[in-house]
Amino acid sequence: MTRPLSDDDLRAMMTHMIGARVSSQRAFNLQRQGRAGTNAPIDGSEAIVVGAARALDPTADWVLPQYREPVALQRFGPEVLESYVRYILGDPDGGHIPEPVRVWPPQISLATQVPHAVGMAWGMKRTGETGCALVFLGDGSTSEGDFYEAANFAGVLRAPVIFVVVNNGWAISTPVASQTAAKNFAAKSHAFGFPGTTVDGTDILAVYEVVSEARERAVSGAGPTLIEAVTYRLAPHTTADDPTRYMPDDELVAARGRDPLTRFQKELSGRGLWSDDDTTRAEADADAVMEAAIQAAEADRANPIELFDHVHAIRTTRLERQRREWIDHYGEDPR
Amino acid sequence: MSHVEEIPDDASQEMNMLEAINHTLHQEMRRDERVMVLGEDVGHNGGVFRATDGLHTEFGGDRVVDTPLAEAVIVGTSVGLAAAGQIPVAEIQFLGFAYQAMHQIAGQAARLRFRTRGRFQARITIRSPFGGGVRTPELHSDSILSQFANVPGLKIVAPSSASDAKGMLATAIRDPDPVLFLEPLRGYRMIKDEVPLGEHLVELGKARTVSDGSDVVIIAWSYMVDVAMRAATELANEGISARIVDLRSIVPLDTEAIAQAVEDCGRVVVVQEAPETNGFASEVIATINDTSFYSLEAPVERVSGWDAPYPTGQLEDFYVPDVGRVVAAVRRVVETP
């Protein structure tokens, strides 16, 4: 049932993986330059996010990320990256991914997005929409109650939802062995009553395959699927982290030898679909896109008075009073 | 989409609080097919108090959903359902159980609109009974609304009459923001009054003067309004004229009504079931300080639960504010020269 990938698809996937890493590294540097806040690099997870996105229908399906994934969701539209750049710059509009893009903003509170995904999938099922919700969470997030509660209920509802556990080996400094005694995270699906599968998260074609099958199950009414995609975190947890304190050097070196980008480049080169020049071009293009997004975001900084917007649909009398006090103190636009 | 019932404009019927809530849920579900009811035992069983009785029969298991016993996912899926265009009315069986959903209520539902700059809104009503006096097991009686009142983005209402329960529940369900709709557990069957049968909406954020008086104002909400009314009857026998203001809504707070009552009466007692420290009475008194300090003729008194966890049955009558404590507080306030 998996839709065969065209050469254009394959080249787009490679381009998006490279774009994700370039954007992520630029974001990291922006933080170092004092131009952005804390952010979480994607290095090592590109094949999982790009491969999953390729298996979805951006006009019908929803993606609920944790916080590492937005740089790799180009398939859902340029707005995802543009919003993400604003997000890490501290612009409130960073949380607003415009219609009709079916992507939620980053979620900082771990696994809280999992029940939201189940609720959305349930709502789509109720209204007869043909589509699914795919939610990303990390290996650490599988220890949160929200994951168990939501996955359990999803099984009961046979909701059209796909749980993608990005197992990158580490939850900041906590290794998987401290997270669970289960053989793997996919095994947890047995308790929920729906299938689970473990996939090599450095192999984008394998990820595409399993997510495609899960989507087919979801939209045909067969219910949820749990996918564990295994990779290794090739960068610090966030800009605020120093992994040399806990991550064994030999592990990291070995993982760099299994870099998902290198792996797919070799695969496509072997098929005559990719060259080093393509890599150079893809990197330059991604850098230009990121630069434009940064320029746009930096040129249009939020007026701090926006903190009184969107608290409720209509401001309460009290908030209105506080807003007036704010203006008396700071002025209408203190930028 | 909607089903309009033909009911004479002035028709009404005496109902208790539960009947009014049940009647309203029926009407709102008939009116808008996006409205769903979900929670523990809300379906076949009709709710442990029967608040959702009959809904499953009329609207089916697709719209009236017995959930697993998992408060966080009741609220968490409601957030997703709302984002997908549904209007969930979620029940948390007892407010003390809301601790298990605190992160989804306070951390997620309340700030969904803010963090997405309006792309998504959590149009959710969370119904939950609270308050003591009926010999429940632990954590069934806790009055923790002030913990939610510190959460921007959430509306919190706590009606004290069946008629208000109808008007405010219907308004809450139609409100685009998340509303915590708190029901007085002790008053579920005890509180009875005339409820309009047709369209009846009560604006959220408007207090109600329950009975007029001029010597002192007793400010209360939910079941404590009933206690205040009985206290006022006793006080009347002593020649003390007590006005009673039912806040009805915690957020938004009717600051103007509070200020007006303080200006008129000059002396104030605030009654709450919650522990004294950082209960919502503190906020009411701080509001009086902001708006009407110079109208006060005596320091404001508050009658509260004690700063102890809500106790077991043998102790609870000595924990929840009763008529005697309210009367005593009013006397002290009125006798202040």
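R331(B) is partly exposed in the predicted model, with a relative accessibility of 30%. Its side chain forms a salt bridge with E238(B), and the closest N and O atoms of the two residues are 2.6 Å apart. R331(B) belongs to helix 12 (residues 323-335) of chain B, whereas E238(B) sits in the loop between helix 8 (223-237) and strand 11 (242-246) of that chain, so the salt bridge ties together parts that are 93 residues apart in sequence. E238(B) has a relative accessible area of 38% and therefore also falls between the 20% and 50% limits for a partly exposed residue.

A further salt bridge in chain B joins the side chains of E297(B) and R267(B), at an N to O distance of 3.5 Å. This pair links distant parts of the chain, 30 residues apart. E297(B) is placed in the loop between helix 10 (280-292) and strand 14 (301-305), and R267(B) in the loop between helix 9 (255-265) and strand 13 (268-275). The accessibility of the two partners falls into separate classes: E297(B), at 48%, is partly exposed, while R267(B), at 12%, is buried because its value is under 20%. Elsewhere in chain B, salt bridges with shared partners connect E28(B), R31(B), R174(B) and E199(B) in one network.

Over all chains, the search of the whole structure gives 46 salt bridges. Among them is a pair that crosses between chains, formed by E306(A) and R117(B). The closest N and O atoms of this pair are 3.9 Å apart. On the chain A side, E306(A) lies in the loop between helix 11 (276-299) and helix 12 (317-330). On the chain B side, R117(B) lies in the loop between helix 5 (112-115) and strand 5 (125-130). R117(B) has a relative accessibility of 6% and so counts as buried, the limit being 20%.

T24(B) was examined separately. This residue is part of helix 1 (residues 17-31) of chain B and is buried, with a relative accessible area of 0%. A polar atom of the T24(B) side chain lies 2.6 Å from the backbone oxygen of A20(B). When residues up to four places away in sequence are not counted, T24(B) touches K166(B), L169(B) and A170(B). By contrast, the C-alpha atoms of T24(B) and L139(B) are separated by 27 Å, with their positions 115 residues apart along the chain.

Technical notes. Residues are numbered from 1 along each chain as its sequence is written. Chains are lettered from A and ligands numbered from 1 in the order in which they are written. This is a predicted model: local features need pLDDT of at least 70, side-chain atom pairs count only at pLDDT 80 or more; totals for chains, interfaces and linings use all residues. Side-chain values use heavy atoms; hydrogens and water are left out. A salt bridge is a side-chain nitrogen of Lys or Arg within 4 Å of a carboxyl oxygen of Asp or Glu. Helices (H or I, at least four residues) and strands (E, at least two) are DSSP runs, numbered from the N terminus. Buried means under 20% relative accessible area, exposed over 50%, partly exposed in between (1.4 Å probe, protein chains only). Contact means heavy atoms within 4.5 Å. A polar contact is a pair of N or O atoms within 3.5 Å; within protein, one must be able to donate a hydrogen and the other to accept it, and residues adjacent in sequence count only if both atoms are side-chain atoms.
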